[in-house]
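Trainee: Could you take a close look at one loop with me? After that, I'd like to hear how it fits with the rest.

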Amino acid sequence: MEVLIQTVTVGFSQIFQPVNLLLLFTGVLWGMIFGSIPGLTATMGVALAIPFTFNMKPISGLVLLTGIYIGGVSGGFISATLLNMPGTPSSITTCFDAHPMSKQGRSGLALSLGLFSSFFGGILGVIFMISLASLIARAALKFGPFEYFSLTVMAFVAVSSMLGGNIVKNLIGIALGLILSCIGADPITSIPRLTFKFSELQGGIALLPLLVGLFCVPEIIAIIESEVEHIVPKESRVMKLSEVFQAAKILFKQIGNALRSFVVGFTIGVFPGIGGATANIISYGLARSSSKHTEKFGTGIPDGIIASEVSNNASVGGAMVPLLALGIPGDAVTAILLGGFIIHGINPGPLMFKYNPDLVFGIYAAQLWGNVVMFLLGVSLMKFYIYSLSFPKQYLLPLITACAAVGAFGLNNRIFDIWVMLVFGIVGYVLRKLDFPLLPIIIAFVLGPIAESNLRQGLTASAGSFLPIFTRPLSLTLLILAAFLFVLGRILVKKGESARC
């Protein structure tokens, strides 16, 4: 409670300085633009902004970067809703229901649901971050390699069991994702794997080019093939104020779904290296498995939008916990934020709480007000988002393609990543024509390396023994939970499929 009081008294006084308030608005708007354009992501937004903070005061620079982080993660739902293209990896499953809802002429409701869900997850995540940062950081320290491996297995099993559809195609997709995740240098020995003597493959395949290729490029090709002149249909361009209130009412009615998704997103955010994309996928799977209307998922049901957007914004607060309390970045964006701290001569961790408490309270306040600014900008600019993406496709598609290519190139500065995007764009298009699910590929690609590296680190520490996986209490608990979720998932999927029949 004392920390919350200090955040209000000390942190708010820093944020409400005119310069810092302007930087917060600028950062959130910058982040939402980067998040809403497929391929540009919050990670790139923060990375490009760091040079602008060199001559700023530490609190001013960190306020700008924090605003971009919040806006970038939140902005992904805009392109996911209107274009069926995830603006960030954290918005993969938002596409599944937000875009069908938009095509039904309810773009305003879909965007409002995404906005309210983002705000709910973000604000709650910051409150928990402030209240529980040191406690949660200590709990995360108890997780060793075997616990991380079991956590990944649980996530993998939980989501895979809830996919539904053709199980053979799902297994092929998982196998393909695992193979792709193995390309590059071995995480332990650094020996090249599956590179076929291409030096460019030694760094592996980056998530962003793969994601843009599998999801954005096929959608672009499909739009070119279609006879529609505008990507966003005319009936979907209407934005009514009543839809904003309707979205708030729906979120309130689905408070159980929202709270569950928050817990998943925040918890996964705390564990370094897992990230918002995983939280997004798991929350969507849990929402689907626990729903009485599983057959409606993928058709424009609000449950899926709420689960996706609450979880990925909750993971922002979670990812900040290990960064601030331990100096360990929770995801790619906080890794870049760590660089921003170091540039200003600040080392995150326990000593920062001792020697720079005002800065800590300022960051807490920036997180809180950043979510408020994101909500206000979202409401006021929602019509603009719809209008800007309603241009004829012959003008809009080249711009989207160029931004996707810039995004694929920008994070690693490799032309090779643009080729990766194009190759997997063709692969994704073919798989789409074959009615082949893409989500299993992404699940395996994201979770595979985490499981492999932690298992091998654990085996190295245990002299090759697998027993600690089953004898360490936390690890065993997670595996038991994985088995329970697998059985539950299959039962619920079968019920959903029988309901459709």
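Mentor: Start with one yardstick: a residue is buried when its relative accessible area is under 20%, exposed when that is over 50%, and partly exposed in between, using a 1.4 Å probe and protein chains only. Bear in mind that this is a predicted model, where local features need pLDDT of at least 70, side-chain atom pairs count only at pLDDT 80 or more, and totals for chains, interfaces and linings use all residues. Residues are numbered from 1 along each chain as its sequence is written, and side-chain values use heavy atoms, leaving out hydrogens and water.

Now the loop. Leu194 sits between β2 (192-193) and α9 (207-225); helices (H or I, at least four residues) and strands (E, at least two) are DSSP runs numbered from the N terminus. Its phi is positive, about 55°, although Leu194 is not a glycine. Leu194 counts as partly exposed because its relative accessibility is 38%.

Ala463 makes a handy companion. Its phi is near 60°, again a positive value in a residue other than glycine, and it lies in the loop between α19 (439-461) and α20 (467-471). With 74% relative accessibility, Ala463 counts as exposed.

Staying on the surface, Ile167, Val168, Leu171 and Ile172 make up a nonpolar patch with about 380 Å² of accessible area together. Such areas come from the Shrake-Rupley method with a 1.4 Å probe, and for residues only the protein chains shown count as cover. Patch members have over 30% relative accessible area and no salt bridge, with like charges joined within 9 Å and nonpolar side chains (Val, Leu, Ile, Met, Phe, Trp, Tyr) within 5 Å. A salt bridge here puts a side-chain nitrogen of Lys or Arg within 4 Å of a carboxyl oxygen of Asp or Glu. Ile172 belongs to helix α8 (residues 167-182) and is partly exposed at 45%.

What about the inside? A nonpolar core is a set of buried Ala, Val, Leu, Ile, Met, Phe, Trp, Tyr and Cys residues joined through side-chain atoms within 4.5 Å. The largest has 90 residues, and Tyr69, Leu113, Met129, Met320, Leu324 and Phe341 touch the most other members. Helix α16 (residues 357-388) is the top contributor to this core, giving 15 residues. Another core of 25 residues lies apart from it, including Leu180 and Leu439.

Zooming out, the protein chain has 21 helices and two strands, and 59% of its 501 residues count as buried.
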